[in-house]
Each structure stands twice: as structure tokens, then as C-alpha cells.
Amino acid sequence: MNDKCILDDSLRNKITQLEYKNLSNKEKEIKEIYKKHTGREIPNFEIYSSSEMGIGKKSGFDGAAIHFYDKQRNINEVYYIFRGTEPSKDFGDVVYDALGVGAGKNNAQINDAVKMYKKVEANLKGSNVKVKRYGDGHSLGGHLIVTLSLITKNFTGVRGLNDAPVNVKQLVELD
């Protein structure tokens with residue numbers, strides 16, 4: 001199995017930024033970013049978007065997952081990417097920041113993150129190539145991805161970029 005992941009930190013940062021514009025239908029942009037950065041063609045991948053799955057509309061949650069899969073090259077990696085607070089786009093983020101991150105009294109966005117995670121995981125191709133999971137999130141998205149990784153306990157690597165902290169009260173309740 002490859003020990004090196006498909007996306008290095010720089011590529012992960014660029015794709016995390018792209019999530020603010022929603023990763024749905026961004027295959028072309030991701031291919032261009034990868035080719036420009038590595039000089040190689042990107043492995044086969046599929047994008048899963050919370051908005052396309054109908055998850056997060058009420059809570060304000062917004063995330064995506066990119067699944068890279070190539071059995072011949074022993075590649076089976078999923079990158080979960082969650083965006084941060086967008087008060088002008090969705091007031092649900094502001095409510096969650098106060099009641100979820102701050103007070104630990106609202107689990108709506110983390111519940112939606114878990115729901116998305118379960119849907120993506122149900123779609124992964126069966127293979128003898130072990131799945132490696134990576135997570136990235138900025139601000140509120142960092143809070144969500146770190147919390148999700150602590151709940152699921154099966155991520156290879158997680159990065160919160162200028163992230164909001166995990167709420168221990170929430171984690172105890174959810175785990």
C-alpha cells in the first residue's frame with residue numbers, strides 16, 4: 001500500500017478553499033490544481049457533496065468528500081472537507097457557533113457531518129485496498145472534522161485550519 005497520500009498539505013489547502021464555492025461539479029478545477037501542482041494526472045475520483053445529498057440545509061452544515069480509488073495502484077483514500085462559518089451565506093452557522101461550539105447545546109451540524117460521513121462510507125467501493133481517511137476543515141469546519149474524527153476513530157490524518165475548538169460537553173454526549 002502507498003504510504004504517501006494523494007494530496008499533500010498544499011493541495012489539501014487549495015481544495016479546502018475551493019469548498020467555500022461548493023465542490024459540487026468542481027472535478028475540472030481539482031484536476032487542474034492537481035496537474036499544475038504535481039505535473040501528473042490525478043487518479044480516478046468521485047466527489048460527494050452534502051448539498052447534493054440533501055444534508056445540512058437546515059443546520060448550515062456544508063461539506064464534501066473526495067474519494068480517490070485505483071485498485072491497480074493501491075489507492076483508496078477519502079478526503080472529508082468541511083467549510084467554515086459563512087454568516088452572509090447561512091445564519092445557521094452563526095447559531096451553531098454560539099450554541100454548538102461555544103455552549104455545547106446544539107449538535108445539529110456535527111449530526112449532519114456524521115450523517116454525511118455514513119452516506120459516503122456506504123458508497124465506498126469494496127476492495128482489498130484499505131481505505132485511508134483524511135479530514136480538513138477551516139474554522140467551524142475544523143471543529144466539525146476534528147470532532148468527527150474523534151467520534152469515528154478511523155482517520156489517518158486530520159487538519160483543522162484556524163479551527164474552532166472541540167466542545168468536550170458535545171463530544172461526551174456524542175461519543
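Phe45 is buried in this predicted model, because its relative accessible area is 17% and the cut-off for buried is under 20%. Phe45 has its place in strand 1, which covers residues 45–49, and ring pairs link Phe45 with Phe68, Tyr79 and Tyr134 into a cluster. The points below follow the aromatic rings and then turn to a patch of charge on the surface.

**Phe45 and its cluster**

- Phe45 and Phe68 are 23 residues apart along the chain, and yet their C-alpha atoms are separated by 4.3 Å.
- Which residues do ring pairs link into a cluster? The members are Phe45, Phe68, Tyr79 and Tyr134.

**Aromatic pairs**

- A pair of aromatic rings is described by two values, namely the distance of the centres and the angle of the planes.
- When the whole structure is searched, seven aromatic pairs are found, and one of them is formed by Tyr79 and Tyr134, whose rings are stacked with 4.9 Å from centre to centre and 15 degrees between the planes.
- This pair links distant parts of the chain, since Tyr79 belongs to strand 3 (residues 75–82) while Tyr134 belongs to strand 4 (residues 132–138), 55 residues apart.
- Both partners of this stacked pair, Tyr79 and Tyr134, are buried.
- Tyr80 and Tyr117 also form an aromatic pair, which is tilted, with 5.4 Å from centre to centre and 40 degrees between the planes.
- Tyr80 lies in strand 3 and Tyr117 in helix 5 (residues 108–123), so their pair ties together parts that are 37 residues apart in sequence.
- Are the two partners of this tilted pair buried or exposed? Tyr80 counts as buried because its relative accessibility is 0%, and Tyr117 likewise counts as buried because its value is 9%, with the cut-off lying at under 20%.

**A negative patch on the surface**

- On the surface, a patch of negative charge is gathered from Glu27, Glu29, Glu32, Glu46 and Glu52.
- Where does the largest share of this negative patch come from? Helix 2, which covers residues 27–38, supplies that share with three residues.
- Glu32 is one of the residues of the patch and is found in helix 2.
- Glu32 counts as partly exposed because its relative accessible area is 45%, a value in between the cut-offs of under 20% for buried and over 50% for exposed.

Definitions and conventions: Residues are numbered from 1 along each chain as its sequence is written. This is a predicted model: local features need pLDDT of at least 70, side-chain atom pairs count only at pLDDT 80 or more; totals for chains, interfaces and linings use all residues. Side-chain values use heavy atoms; hydrogens and water are left out. Rings of Phe, Tyr and Trp (its six-membered ring) pair if their centres lie within 6.5 Å; planes under 30 degrees apart count as stacked, over 60 as edge-to-face and the rest as tilted. Helices (H or I, at least four residues) and strands (E, at least two) are DSSP runs, numbered from the N terminus. Buried means under 20% relative accessible area, exposed over 50%, partly exposed in between (1.4 Å probe, protein chains only). Patches are made of residues with over 30% relative accessible area and no salt bridge: like charges are joined within 9 Å, nonpolar side chains (Val, Leu, Ile, Met, Phe, Trp, Tyr) within 5 Å. Accessible areas come from the Shrake-Rupley method with a 1.4 Å probe; for residues, only the protein chains shown count as cover. A salt bridge is a side-chain nitrogen of Lys or Arg within 4 Å of a carboxyl oxygen of Asp or Glu. Lys and Arg count as positive and Asp and Glu as negative; His and the chain ends are not counted. The place of a charge is taken as NZ of Lys, CZ of Arg, CG of Asp or CD of Glu.
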